[in-house]
Structure formats: C-alpha cells, structure tokens
Amino acid sequence: MAILNIVTIPNPILKQVSLPVEKIDSDVKKLISDMRETMLSSNHCVGIAAVQVGVLARIVLVDVSLNPKPHHNSGLLVMINPKITYTSGKLKSREGCLSVPDFTGNVVRKNKIEVEYTDINGNKQLFKTHGFESITIQHEIDHLDGFLFLDKVSSLKTDVFKRI
C-alpha cells in the first residue's frame with residue numbers, strides 16, 4: 001500500500017471526465033487499496049475519487065464514519081462506475097475537498113439518492129442513502145465528471161470560505 005499524491009487545483013486533470021473501468025484486475029485493486037490508505041492519511045477525509053490521485057478511472061471510495069460528527073453511515077463504500085439513478089429532496093451543507101485544500105463552500109445537493117455501481121468483486125449493487133453520506137457520494141461522483149464543489153456553489157463571493 002502507498003499514500004498517493006493528491007492532485008489539486010488548478011491541475012487540468014480535475015476538469016476531465018473519468019473513463020469507465022472495464023475490468024477489475026490486480027492493478028485496479030491496488031489502486032483502490034492505495035486510495036484507501038491515502039484517504040486514511042488525510043485528516044477527516046470521508047471520500048476520494050481516482051482522478052484526485054491522477055487516475056482517470058470511474059472509482060470512488062466513501063466512508064463517512066471517518067468524520068468526527070455522528071452521521072448515518074454504511075462504513076467503507078468502494079464504488080466502481082457509479083451512476084446516480086434516483087434523487088429527491090435538497091440539503092445545503094459546507095463542503096471541503098482534498099483537491100481544494102485552501103477553501104470550503106456551501107453547496108446544495110440532493111438529500112436522498114440511489115446509486116448503481118460495481119463493487120470490488122465485480123458484483124452489481126444498488127445503494128440507497130441520505131444526508132451526509134448522500135452528499136459525500138455526490139461530491140465524489142462529481143469528480144468523475146470533471147466538477148469540483150466550487151462549480152456547484154451559488155456565489156463565489158458569499159458561499160466560499162478560506163480554511164483556517
């Protein structure tokens with residue numbers, strides 16, 4: 001396992017669309033293991049997308065149990081080729097990002113989602129969640145489509161804050 005370097009703004013790879021994973025082989029499993037190690041090494045990190053470590057593959061890891069605040073959580077989720085198939089409700093929250101280390105921002109996202117994805121064993125999954133876990137999954141899937149939370153704030157003047 002290795003701790004990987006995080007790609008940060010303004011690196012143009014963060015604006016690219018990630019490619020589907022065609023085969024879950026030893027290279028993909030090593031990448032997932034390294035992404036997990038990288039996530040664990042970052043203070044209060046609850047999610048990571050492969051593009052954030054410089055790999056344009058549709059892979060995200062989410063584990064909101066790593067947040068110090070109590071939240072509904074499902075533990076570690078490894079999602080390969082995730083696709084949101086259902087959304088409802090709205091929820092505004094303050095988001096941060098490993099790739100935007102100096103800022104946080106207020107973002108409105110869907111409160112409830114359903115996600116189809118392939119797990120690390122190649123099995124298709126349908127996952128339903130809400131609240132902070134839902135927000136985190138949406139944030140990570142946005143990375144796969146070339147979006148940062150900064151692209152989702154209503155106003156760069158009133159909804160973006162310098163990290164202290």
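# A guided tour from serine 93 outward

Select serine 93 to begin: leaving aside neighbours within four places in sequence, serine 93 is in contact with Gly105, Asn106, Val107 and Ile135. The model on screen is predicted. Serine 93 lies in strand E4. Its relative accessible area is 18%, and because buried means under 20%, serine 93 counts as buried.

**The largest pocket**

Next, display the largest pocket, which holds about 770 Å³ of space. Of its 25 lining residues, those closest to the centre are His44, Glu95, Gly96, Cys97 and Arg163. Colour the lining by class to find 8 nonpolar, 12 polar and 5 charged residues. Then colour by element: strand E4 (91–97), strand E5 (100–109) and helix H2 (131–144) each supply at least two residues of this lining. Which element gives the largest share of the lining? That share, 6 residues, comes from H2.

**Helix H2**

Keep H2 selected. Its 14 residues should span 20 Å at 1.5 Å a residue, and the C-alpha atoms at its ends are 21 Å apart, which agrees. H2 is mostly covered, with 13 of its 14 residues buried. Move past the end of the helix to glycine 146, which follows H2 and has a positive phi, near 85°.

**Asparagine 111**

Now select asparagine 111, in the loop between E5 and strand E6 (112–118). Not counting residues up to four places away in sequence, asparagine 111 touches Ser88, Gly89, Lys90 and Leu91, together with Thr129, His130, Gly131 and Ser134. For a long view across the model, add leucine 14: asparagine 111 and leucine 14 are 97 residues apart in sequence, and their C-alpha atoms are 25 Å apart in space.

**Two positive phi angles**

Return to histidine 44, one of the residues closest to the centre of the largest pocket. Histidine 44 sits in the loop between H1 and E1. Its phi is near 60°, a positive value in a residue other than glycine. Is histidine 44 buried, partly exposed or exposed? At 45% relative accessibility, histidine 44 counts as partly exposed.

Asparagine 81 is the next selection, and its place is in strand E3. Its phi is near 55°, again a positive value in a residue other than glycine. Asparagine 81 is partly exposed, with a relative accessible area of 24%.

**Helix H1 and the segment before it**

Go back along the chain to proline 10, in the segment before H1. The peptide bond from isoleucine 9 to proline 10 is cis, with omega near 10°.

Continue to the start of H1, where a side-chain oxygen of aspartate 25 reaches to within 3.2 Å of the backbone nitrogen of aspartate 27. Then select the whole of helix H1 (residues 26–41): its 16 residues should span 22 Å at 1.5 Å a residue, and its end C-alpha atoms are 22 Å apart, in agreement.

Which residues of H1 are buried? They are Val28, Leu31, Ile32, Asp34, Met35, Arg36, Thr38 and Met39. An α-helix has 3.6 residues a turn, so residues three or four places apart point the same way. To end the tour, show the strands against which the buried residues of H1 pack: strand E1 (47–49), strand E2 (59–62) and strand E3 (77–88). Asparagine 81, visited above, belongs to strand E3.

How values were computed: Residues numbered from 1 in each chain as written. Predicted model: local features only at pLDDT ≥ 70, side-chain atom pairs only at ≥ 80, totals over all residues. Heavy atoms only, no water. Helix = DSSP H or I, 4+ residues; strand = E, 2+ residues; numbered from the N terminus. Expected span 1.5 Å × (residues − 1). Buried < 20%, exposed > 50% of the residue type's maximum accessible area, 1.4 Å probe, protein only. Contact = heavy atoms within 4.5 Å. Polar contact = N/O pair within 3.5 Å; in protein donor to acceptor, adjacent residues only side chain to side chain. 1 Å grid on protein atoms, 1.4 Å probe; cavity = no way out; pocket = protein on both sides within 12 Å on 5 of 7 lines; lining within 4 Å. Points joined across faces, edges and corners; volume = space filled by probe spheres on them. Nonpolar A, V, L, I, M, F, W, Y, C, P; charged D, E, K, R; others polar.
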